[in-house]
Amino acid sequence: MTQKTIYTKKDGYQPGREASGGKSPPAAPKAAPAETPAAPAAPSAAKVLADPPTLEQLEQELKKSRYRANFKQTLRNTLFSLIVVAAVSALVAVLLLPVLQIHGASMAPTLQEGDIVVCLNAGGHRPGDLIAFYYNNNILIKRVIASPGDWVNIDENGVVAVNGEVLAEPYISQPALGSCDISFPYQVPDGRYFVLGDHRETSIDSRSSVMGCISKEMVIGRVMMRAWPLKDLRLFGRE
């Protein structure tokens with residue numbers, strides 16, 4: 001019996017025996033398909049709360065949440081306001097209303113050691129004003145006696161006259177010529193002020209060529225008030 005290879009559309013080439021009637025041998029049994037793994041179980045549905053919150057409880061939680069949000073907003077606004085106030089106060093204190101503490105006795109009895117005064121940074125100073133000014137990296141306070149162009153004369157007893165008129169000076173302890181090395185009568189240069197301390201015996205001021213007259217650019221401001229000590233609180237008007 002002759003062995004033949006038989007081709008079919010279904011099974012392809014298959015070895016087999018030639019059978020009577022030209023029939024193909026039976027096909028080999030096919031293997032059973034492998035079992036498909038089971039799909040994972042679907043997640044279970046969320047459980048219904050056995051004891052859901054009441055409407056009152058929800059309102060309380062909402063109020064707490066709003067309170068926390070409002071508190072944070074209020075805190076931020078407060079901090080921002082404090083920073084702005086501090087910055088403005090610093091600018092005002094430096095530029096507009098300088099606050100100074102007195103050291104020394106050159107302005108006694110008007111101002112004493114340790115007094116705290118408030119100045120106004122404004123121009124237009126005139127005789128009788130107390131002014132603060134820069135001098136050799138220090139801040140000094142003296143009294144304006146004469147303005148630019150005025151003629152000043154101080155006699156040997158310390159009596160001061162401006163433009164031929166003797167000044168009434170109730171603010172000094174007693175008149176004195178003090179430390180003086182300039183010649184009188186003396187004319188105040190343009191753009192400058194002739195200043196004296198109220199304690200004439202010891203004050204170093206425009207009578208001495210060491211200091212001379214004060215230029216307008218050196219002036220910080222006019223002393224307006226003694227703020228400390230409180231028992232000696234005083235406003236300084238213009239003489």
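# Exercises on a predicted model

**Exercise 1.** State between which two strands the loop holding Glu169 lies, and determine whether Glu169 is buried or exposed and what its side chain contacts.

Solution. Step one is the position: Glu169 sits in the loop that runs between strand 9 (165-166) and strand 10 (186-187). Helices (H or I, at least four residues) and strands (E, at least two) are DSSP runs, numbered from the N terminus. The model is predicted, so local features need pLDDT of at least 70 and side-chain atom pairs count only at pLDDT 80 or more, while totals for chains, interfaces and linings use all residues. Residues are numbered from 1 along each chain as its sequence is written, and side-chain values use heavy atoms, with hydrogens and water left out.

Step two is exposure. Buried means under 20% relative accessible area, exposed over 50%, and partly exposed in between (1.4 Å probe, protein chains only). Glu169 has a relative accessible area of 13%, so Glu169 is buried.

Step three is the list of contacts, where contact means heavy atoms within 4.5 Å. With neighbours within four places in sequence left aside, Glu169 is in contact with Ile145, Val160 and Arg200. With Arg200 there is also a polar contact, side chain to side chain, at 2.6 Å. A polar contact is a pair of N or O atoms within 3.5 Å; within protein, one must be able to donate a hydrogen and the other to accept it, and residues adjacent in sequence count only if both atoms are side-chain atoms.

**Exercise 2.** Give the loop that holds Lys216, the exposure class of Lys216, and the residues that Lys216 touches.

Solution. Lys216 belongs to the loop between strand 12 (214-215) and strand 13 (219-228). Its relative accessibility is 45%, so Lys216 counts as partly exposed. Not counting residues up to four places away in sequence, Lys216 touches Pro148, Gly191 and Tyr193. Pro148 and Lys216 are 68 residues apart along the chain, and their C-alpha atoms are separated by 10.0 Å.

**Exercise 3.** Find the order of the strands in the open sheet of four strands, and explain why one side of strand 9 and of strand 10 is left without a neighbour in the sheet.

Solution. Two strands pair if DSSP finds at least two bridges between them. The open sheet has the order 9-8-7-10, with antiparallel pairing. Strand 9 and strand 10 stand at the edges and have a single partner strand each, so one side of each lacks a neighbour in the sheet. Inside this order, strand 7 (residues 151-154) pairs with strand 8 (residues 160-162) in the antiparallel sense over three bridges. Val152 has Val162 of strand 8 as its bridge partner.

**Exercise 4.** Describe how strand 6 pairs with strand 5 and with strand 11, and what is found in the turn of the hairpin.

Solution. Start with strand 5, which pairs with strand 6 in the antiparallel sense over six bridges. Leu130 stands opposite Arg143 of strand 6. Strand 6 also pairs with strand 11 (residues 192-196), again antiparallel, over three bridges. There, Ala146 has Phe194 in strand 11 as its bridge partner.

Now take the turn. The hairpin of strand 5 and strand 6 has two residues between the strands. Asn136 lies in the loop between strand 5 (130-135) and strand 6 (138-146), and Asn137 lies in the loop between strand 5 and strand 6. Neither phi follows the usual sign: most residues other than glycine have a negative phi. Asn136 has a positive phi of about 50 degrees, and Asn137 has one of about 65 degrees. Asn136 is at 58% relative accessibility and so counts as exposed; Asn137, at 83%, is exposed too.

**Exercise 5.** Locate the cis peptide bond from Ala108 to Pro109 and the one that joins Phe184 and Pro185.

Solution. Most peptide bonds are trans. The bond from Ala108 to Pro109 is cis, with omega near 5 degrees, and Pro109 lies in the loop between strand 3 (99-101) and strand 4 (116-120). The bond joining Phe184 and Pro185 is also cis, with omega about -5 degrees. Pro185 is in the loop between strand 9 and strand 10, the loop that also holds Glu169.

**Exercise 6.** State how many helices and strands the protein has, and what share of its residues is buried.

Solution. The protein has one helix and 14 strands. Of its 239 residues, 28% are buried. Leu75 is found in helix 1 (residues 55-96), and its relative accessibility of 44% makes Leu75 partly exposed.
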